[in-house]
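This briefing is meant to be read with the model open beside it. Please keep the sequence at hand, as the points refer to residues by name and number.

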Amino acid sequence: MKIYTWVHEDKTKSKEQWKDHFSFLKEGGFDTVFLGGNIEFIKEIAPIAKEIGLEIQAWFWTLNVNNDELVQKEHPEWFNVSRLGQSSLTDPPYVDYYKWLCPSRPEVTEYITENILKILEIDSISGIHLDYVRHPDQYLPEGLLKNYDLEDIYYPEFDFCYCETCREKFLKETGIDIKSESHIEHDDDWFEFRLRSVIDLVNHISEKVREKNKKITAAVFPTPDMASIMVRQDWARWNIDGAFPMLYNKFYNEDTIWIGDSLEECIEDTNGEISISAGLYLPEMKLSDFADALKYSINSGVAGISLFPSDKITKEHLEVRKTINN
Ligand SMILES: [Zn+2]
């Protein structure tokens, strides 16, 4: 079983400290790191991890684009629009950084693909790890609702994308104008249209990434069914090498056994076409729960586990993992 972790950019760390961190991971049995951060950071730090014997995939925020001021200034029309007609650029849902591009626009697909291909030119990177490749959360996990003072119901301000491109495309395909329908939000064709907008984007990226002989993986919401309903992310239909469902059980008010059950569902839904690894959330997780989460993951038959985030991994975690894996 392969062991992965998500590594955040940290400007306070020196090259020597990165070397220590990667050595700690390598000695702890890790195989691959998902290295996040801007391209300059990845260029500088990825070779250090590779030297130590780790595989590195670039961790890439796909449709959530909150740090490209040029795009925000020059292409405000690329950002998605809620059922209330508000752009996520000017009225981001939930939190300020929730600025999302609309995957229905060919220019957006090109922009994202070009950015990925630039990163893949870095020699020490073996692939791209997509994150935030979805629409904003139509429904939040049950355990997070209280943070926003929300109920588990439909809110039009969290329902995307009602931009002009989506409207025109859907009208052409079905003859239905989403703007003149009073209850389009629950329509099956409209649901499928939005799943497809993300599927088409990922599969386009995948084609280009594979032409470069690089891997493509993704961090996704738990189970394709849940992901489709919550964030329009039907990842079982993506052409990717590996999926890392984020089985953050506390967010869903679930016990660790839910992790194993969800993984079994993921494996069944993808028919062996996508390698499945369990994404585990370390903050606030007791060591005994970590041990259980590992056991349930291994018993489900997954190809790997990935721990989030790498700076929360302790020697104790590594000890627990050794006893279970052996
Ligand atoms: Zn749109």
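What follows describes a predicted model, beginning with its strands and moving on to helix packing and the backbone.

In this model eight strands close into a barrel, taken in the order S1-S2-S3-S4-S5-S6-S7-S8, and their pairing is parallel. On average, and with direction ignored, neighbouring strands of this sheet are turned by 25° against each other. The points below look at three of the strand pairings, then at two helix contacts, and finally at particular places in the backbone.

**Strand pairing in the barrel**

- Strand S1, which covers residues 2–7, pairs in the parallel sense with strand S8, residues 304–308, and four bridges hold this pairing; within it, Lys2 stands opposite Gly304 of S8.
- S1 also pairs with strand S2 (residues 32–36), again in the parallel sense and over four bridges, and here Thr5 has Val33 of S2 opposite it.
- Between S1 and S2 the chain passes through helix H1, residues 15–27, and the resulting β-α-β crossover is right-handed.
- Strand S3 (residues 55–61) and strand S4 (residues 127–131) run parallel and are joined by five bridges, with Trp61 standing opposite Asp131 in S4.
- When reading side chains along these elements, it may help to recall that in a regular strand the side chains alternate between the two faces of the sheet.

**Contact between helices H8 and H9**

- Helix H8, made of residues 257–270, packs against helix H9, made of residues 287–300, at an angle of about 25° and with the two axes 8 Å apart; because angles under 35 degrees count as roughly parallel, H8 and H9 are described as roughly parallel to each other.
- The crossing of these two helices, H8 and H9, is right-handed.
- On the H8 side the contact is made by Ile257, Ile259, Gly260, Leu263, Glu264 and Ile267, while H9 contributes Ala293, Tyr296, Ser297, Asn299 and Ser300.
- Sorted by type, the residues of the contact of H8 with H9 comprise six nonpolar, four polar and one charged.

**Contact between helices H4 and H6**

- Helix H4 (residues 106–119) packs with helix H6 (residues 188–211) at an angle of about 35°, and their axes lie 10 Å apart.
- H4 passes H6 in a crossing that is right-handed.
- The residues that meet are Thr109, Ile112, Thr113, Ile116 and Leu117 in H4, and Leu201, His204, Ile205, Lys208 and Val209 in H6.
- This contact of H4 with H6 divides into six nonpolar, three polar and one charged residue.

**Backbone features in the loops**

- Phe160 and Cys161 are joined by a cis peptide bond, for which omega is about 10°, and Cys161 lies in the loop that runs between S4 and helix H5 (164–174).
- Asp149 is also found in the loop between S4 and H5; its phi is near 60°, which is a positive value in a residue other than glycine.
- A cis peptide bond also joins Phe308 and Pro309, with omega about -15°, and Pro309 has its place in the loop between S8 and helix H10 (315–325).

Note on methods:
Residues are numbered from 1 along each chain as its sequence is written. This is a predicted model: local features need pLDDT of at least 70, side-chain atom pairs count only at pLDDT 80 or more; totals for chains, interfaces and linings use all residues. Axes are lines fitted to C-alpha atoms, for helices over the stretch in contact, and angles run from 0 to 180 degrees between N-to-C directions. Angles under 35 degrees count as roughly parallel, over 145 as roughly antiparallel, 65 to 115 as roughly perpendicular and the rest as oblique. A crossing is left-handed if the near helix is turned anticlockwise from the far one by less than a right angle, and right-handed if clockwise. Two residues are in contact if their C-beta atoms, placed from the backbone, lie within 7 Å. Ala, Val, Leu, Ile, Met, Phe, Trp, Tyr, Cys and Pro count as nonpolar, Asp, Glu, Lys and Arg as charged, and the others, Gly among them, as polar. Two strands pair if DSSP finds at least two bridges between them. A crossover is right-handed if, with the strands pointing away from the viewer, the path from the first strand over the helix to the second runs clockwise.
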